[in-house]
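The following exercises concern a single protein chain. Each task is followed by a solution that proceeds step by step.

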Amino acid sequence: MRPDLTPWRSSRDFRLLWTSGCVTSFGSFLTYVAVPLQIKQLTGSTLAVGLAGAFELVPLIVFGLWGGALADALDRRKLVLRSEAGLGLLSALLLVNALLPTPLLWPIYLVGMLVAALDGLQRPALDSLTPRIVPHDQLTAAFALNSLYRNVGSVAGPPLAGVIVVVAGVQTAYLLDVASFGLSLLLLARMRAVPPSTGADKPSLQAIATGVKYAWSRKDLLGTYAIDIVAMLFAYPVAIFPFLASELHADWALGLLYAATAVGALLVSATGGWTSHVHRHGRMLLVSALGWGAAMTVAGLVGNIWLVLLCLLIAGGADQISGTARSTMWNQSIPDELRGRLAGVELLSYSVGPQLGQVRAGGMASLAGVRASVWTGGVACVVGVLALAAALPKLLAYDDRTDSNALAVRAQHEALAAATAAPGSAAPDPGAPGPDAPDPAASDAATPGSGASDAGIDPVDPVDPVHPVGSRV
């Protein structure tokens with residue numbers, strides 16, 4: 001029941017990446033609460049709050065897929081570093097707007113679109129980085145540890161943001177977010193380079209299409225994407241939490257509403273050593289998604305704030321289990337040469353759902369009421385998940401002990417680890433069937449901050465291409 005700390009002990013780069021994530025996730029959750037609250041203060045409209053998700057949707061889709069292609073062709077550390085700097089500048093713009101005598105609404109929407117675009121470029125590289133810096137048999141534990149800091153940020157950030165916004169204004173929340181980016185950049189700069197596979201595909205529409213075709217050919221992967229999209233589309237009422245708190249006569253509990261799901265997720269991740277022993281991750285995903293929908297249904301039906309918080313806590317625990325199942329399947333069974341592009345597809349699956357879910361929740365609340373928006377979404381989630389499970393039996397059949405894709409990726413990672421551990425060996429090609437001779441061009445890329453190549457995102461070299469990495473929360 002204790003968290004598995006093996007990845008933290010075994011990988012210096014994982015420790016740096018993990019610590020960077022701790023810092024920026026805390027700052028990001030401050031902004032996560034401050035933005036919808038500021039829109040509510042400016043407009044008083046549930047629809048206006050929900051529209052924030054709609055404005056972010058298109059850039060997320062476009063740049064998420066392109067970011068996946070970049071993640072298979074550029075140095076992942078460089079991309080995460082540069083996109084992290086860009087995200088910090090965008091947080092600074094929110095701060096500037098909040099400091100105006102009369103803050104404007106349109107810059108909030110614009111910054112949201114740009115953040116979605118940068119996050120789309122960064123996150124596939126970050127997600128595809130972990131399998132390169134953590135041994136194959138530690139991937140589930142690594143995801144649990146990443147979830148641990150995210151959930152701690154989710155628990156501490158929203159209540160603190162609620163206090164900060166009331167006492168010091170949204171400006172202070174934005175300022176702390178900007179400061180978190182500065183510290184994160186210092187940590188990321190210390191990571192080693194992570195070069196891509198030799199002969200990796202150049203970023204192009206064809207490369208993106210190759211990744212999408214692979215995802216379509218794997219019905220078990222399609223199941224993970226589809227179930228998460230359905231769960232978030234129908235049962236993600238976060239955008240209307242400020243209005244739910246008012247309807248329950250508990251404005252004081254707004255921060256707790258945001259934090260409740262994170263508390264549930266934190267409890268699961270802090271006691272999640274058992275997840276490393278699960279092998280049928282498709283079934284694990286199905287049960288947890290049903291639990292999420294059922295908990296949201298009850299949350300919308302009850303009228304007591306403490307019962308609502310309890311339901312949200314249960315939902316958060318279910319969502320944490322779902323995320324662990326999905327991430328483990330992805331990292332266990334997708335070959336490294338496609339990992340970035342598939343991470344771009346995954347980004348759409350776990351981001352598009354919540355973005356559309358905000359629009360659905362806000363629109364439904366304006367038509368049928370806030371609580372009705374919550375419980376009807378939960379019912380739709382349960383029905384949709386059951387339908388998908390019936391339509392995609394390969395998802396439920398997935399077992400990492402026997403699945404051919406998982407076994408092939410395990411062999412690939414073991415060959416890479418063996419070659420790296422050999423005396424005098426250099427980092428081999430992760431996409432090759434066996435260890436390669438050292439790549440002479442990789443020695444320059446292996447030193448962070450060295451040479452003119454660090455001045456920007458390098459173009460892909462046909463002999464020695466380099467990947468990207470990224471994402472904050």
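**Exercise 1. The ends of helix 2**

At the start of helix 2, which backbone nitrogen does a side-chain oxygen of S11 reach? Then examine the length of helix 2 and the residue that follows it.

Solution. The model is a predicted one.
Step 1: A side-chain oxygen of S11 comes to within 3.1 Å of the backbone nitrogen of F14, at the start of helix 2.
Step 2: Helix 2 covers residues 12-43, which is 32 residues. From its first C-alpha to its last, helix 2 reaches 47 Å, close to the expected 46 Å.
Step 3: After helix 2 comes G44, with a positive phi near 70°.

**Exercise 2. A positive phi outside glycine**

Determine where H249 is found and whether H249 is buried or exposed.

Solution.
Step 1: Most residues other than glycine have a negative phi.
Step 2: H249 is not a glycine, yet its phi is positive, at about 55°.
Step 3: The loop between helix 10 (241-247) and helix 11 (254-270) holds H249.
Step 4: The relative accessible area of H249 is 72%, and the cut-off for exposed is over 50%; H249 is therefore exposed.

**Exercise 3. The surroundings of helix 9**

Compare the span of helix 9 with its expected value, and classify the crossings of helix 9 with helix 8 and helix 12.

Solution.
Step 1: The 16 residues of helix 9 should span 22 Å, and its end C-alpha atoms are 22 Å apart, so the two values agree.
Step 2: Among the buried residues of helix 9 are D220, D228 and V230. The packing partners of the buried residues of helix 9 include helix 13, helix 14 (336-368) and helix 15 (370-391).
Step 3: The axes of helix 8 and helix 9 come within 5 Å and cross at roughly 95°. Angles of 65 to 115 degrees count as roughly perpendicular, and the pair is therefore roughly perpendicular. Helix 8 contributes Y214, A215, W216 and S217 to the contact, while helix 9 contributes K219, L221, L222 and Y225. These residues divide into 6 nonpolar, 1 polar and 1 charged.
Step 4: For helix 9 (residues 219-234) and helix 12 (residues 281-301), the axes come within 10 Å and the crossing angle is roughly 5°. An angle under 35 degrees counts as roughly parallel, so helix 9 and helix 12 are roughly parallel to each other. The contact involves G223, T224, I227, A231 and M232 on helix 9, with L285, A289 and W292 on helix 12. In this contact, 6 residues are nonpolar, 2 are polar and none is charged.

**Exercise 4. Two residues in their settings**

Which residues does T297 contact beyond its neighbours within four places in sequence? State also the accessibility of T297 and of I314.

Solution.
Step 1: T297 lies in helix 12 and counts as buried because its relative accessibility is 14%, where the cut-off is under 20%.
Step 2: Beyond those neighbours, T297 is in contact with W375, G378 and V379. With V379, the side chain of T297 reaches the backbone nitrogen at 3.1 Å.
Step 3: I314 belongs to helix 13 (residues 305-333) and is partly exposed, its relative accessible area being 47%.
Step 4: Although I314 and L267 are 47 residues apart along the chain, their C-alpha atoms are separated by 9.9 Å.

Definitions and conventions: Residues numbered from 1 in each chain as written. Predicted model: local features only at pLDDT ≥ 70, side-chain atom pairs only at ≥ 80, totals over all residues. Heavy atoms only, no water. Axes fitted to C-alpha atoms, helices over the stretch in contact; angles between N-to-C directions. Helix = DSSP H or I, 4+ residues; strand = E, 2+ residues; numbered from the N terminus. Parallel < 35°, antiparallel > 145°, perpendicular 65-115°, else oblique. Contact = heavy atoms within 4.5 Å. Nonpolar A, V, L, I, M, F, W, Y, C, P; charged D, E, K, R; others polar. Buried < 20%, exposed > 50% of the residue type's maximum accessible area, 1.4 Å probe, protein only. Polar contact = N/O pair within 3.5 Å; in protein donor to acceptor, adjacent residues only side chain to side chain. Expected span 1.5 Å × (residues − 1).
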